[in-house]
Amino acid sequence: QLQLVESGGGLVQPGGSLRLSCAASGFTSEHLPIGWFRQAPGKEREGVSCNSGRSTKYADSVKGRFTISRDNAKNTVYLQMNSLKSEDTAVYFCVVVIFCGDGSTWPVSPLASWGQGTQVTVSS
C-alpha cells in the first residue's frame with residue numbers, strides 16, 4: 001500500500017496561511033502523481049490540487065491562493081495555503097492518484113490508501 005502521512009494543519013484566522021506536508025514512507029514518491037483532497041463536515045471529499053511532476057492542477061475554489069510543490073530530496077509534497085477562508089475549513093488528505101487530469105476529480109491509485117488527514121480550521 002502506498003500511504004502518505006499528512007501534517008501541518010491547525011487553527012488560523014481568515015486571511016492567514018498554512019503549509020501542509022505530505023510525506024511518503026517506505027517508497028519514493030518522486031515519480032508518482034500526488035493529489036490533495038479535503039472533506040468538510042457533512043460534505044463529500046473534494047479534490048484541491050494535484051501534482052504529477054509534469055503538470056499541476058487546482059480546483060477553481062483555490063486557484064491563486066494555494067500552491068502545490070515537491071521536495072524530492074525529502075520525499076515530501078507540500079500545499080501552501082494563503083488567503084484562507086472559513087470555507088477552507090476541512091480535513092485535508094493527500095493520496096497517490098493515477099493521473100492529474102483536468103478538473104479536480106483525480107482517480108485514486110488502487111495501490112494507495114487514505115491516511116488520517118490533517119485538520120485545518122479557519123476561524124476568527
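Buried means under 20% relative accessible area, exposed means over 50%, and partly exposed lies in between. The exercises below apply these cut-offs to a predicted model.

**Exercise 1. Burial of a cysteine**

Task: Determine whether cysteine 100 counts as buried or exposed.

Solution.
1. The relative accessibility of cysteine 100 is 8%.
2. The limit for a buried residue is under 20%.
3. Cysteine 100 therefore counts as buried.

**Exercise 2. Overall architecture**

Task: State how many helices and strands the chain has, and establish how its radius of gyration relates to the globule rule.

Solution.
1. The chain contains 0 helices and 11 strands.
2. Read from the N terminus, the order of elements is β-β-β-β-β-β-β-β-β-β-β.
3. The radius of gyration is 13 Å, close to the 14 Å given by the globule rule for 124 residues, so the chain is as compact as a globular protein of that length.
4. Along the principal axes, the C-alpha atoms occupy a box of roughly 40 × 25 × 25 Å.
5. Contacts between residues 24 or more positions apart make up 62% of those with a separation of 6 or more.

**Exercise 3. Surface and charge**

Task: Describe what share of the residues is buried, what the chain exposes, and how far apart the mean positions of its charges lie.

Solution.
1. Of the 124 residues, 44% count as buried.
2. The chain exposes about 6400 Å², and 47% of this area is supplied by carbon and sulfur atoms.
3. There are 11 positive and 9 negative charges, and their mean positions are 3 Å apart.

**Exercise 4. The disulfide of cysteine 22**

Task: Identify the disulfide partner of cysteine 22, then assign the handedness of the bond and the elements that the pair ties together.

Solution.
1. Cysteine 22 forms a disulfide with cysteine 94, the two sulfur atoms being 2.1 Å apart.
2. The torsion about this S-S bond is about 95°, so the disulfide is right-handed.
3. Cysteine 22 belongs to strand 3 (residues 18-24) and cysteine 94 to strand 9 (residues 90-96), so the pair ties together parts that are 72 residues apart in sequence.
4. Cysteine 22 has a relative accessibility of 2% and therefore counts as buried.
5. Cysteine 94 has a relative accessibility of 0% and likewise counts as buried.

**Exercise 5. The disulfide of cysteine 50**

Task: Carry out the corresponding analysis for cysteine 50, and give the pattern of the disulfides along the chain.

Solution.
1. Cysteine 50 is joined by a disulfide to cysteine 100, with an S to S distance of 2.0 Å.
2. Here the torsion about the S-S bond is about -70°, so the disulfide is left-handed.
3. The pair links distant parts of the chain, 50 residues apart: cysteine 50 is in strand 5 (residues 46-51), while cysteine 100 is in the loop between strand 9 and strand 10 (112-113).
4. Cysteine 50 counts as buried because its relative accessibility is 0%.
5. The structure holds 2 disulfides. With bonded cysteines counted along the chain, their pattern is 1-3, 2-4.

**Exercise 6. Positive phi values**

Task: For asparagine 75 and serine 83, give the phi angle, the location and the burial class.

Solution.
1. Asparagine 75 is not a glycine, yet its phi is positive, at about 55°.
2. Asparagine 75 sits in the loop between strand 7 (66-71) and strand 8 (76-81).
3. With a relative accessible area of 15%, asparagine 75 is buried.
4. Serine 83, also not a glycine, has a positive phi of about 50°.
5. Serine 83 is located in the loop between strand 8 and strand 9.
6. Its relative accessibility is 40%, so serine 83 counts as partly exposed.

**Exercise 7. Two loop residues and their contacts**

Task: Locate leucine 32 and serine 109, classify their burial, and list the contacts of each beyond four places in sequence.

Solution.
1. Leucine 32 lies in the loop between strand 3 and strand 4 (34-39).
2. At 23% relative accessibility, leucine 32 counts as partly exposed.
3. Beyond its neighbours within four places, leucine 32 is in contact with Leu2, Phe27, Asn51, Arg70 and Val96.
4. The C-alpha atoms of leucine 32 and phenylalanine 99 are 8.6 Å apart in space, although the two are 67 residues apart in sequence.
5. Serine 109 is in the loop between strand 9 and strand 10.
6. A relative accessible area of 11% makes serine 109 buried.
7. Setting aside residues up to four places away in sequence, serine 109 touches Val96, Val97 and Ile98.

Note on methods:
Residues numbered from 1 in each chain as written. Predicted model: local features only at pLDDT ≥ 70, side-chain atom pairs only at ≥ 80, totals over all residues. Heavy atoms only, no water. Helix = DSSP H or I, 4+ residues; strand = E, 2+ residues; numbered from the N terminus. Rg over C-alpha atoms; globule rule 2.2 N^0.38 Å. Buried < 20%, exposed > 50% of the residue type's maximum accessible area, 1.4 Å probe, protein only. Contact = heavy atoms within 4.5 Å. Areas by Shrake-Rupley, 256 points an atom, 1.4 Å probe, with all protein chains shown as cover. Lys, Arg positive; Asp, Glu negative; His and termini not counted. Charge placed at Lys NZ, Arg CZ, Asp CG, Glu CD. Disulfide = S-S within 2.5 Å.
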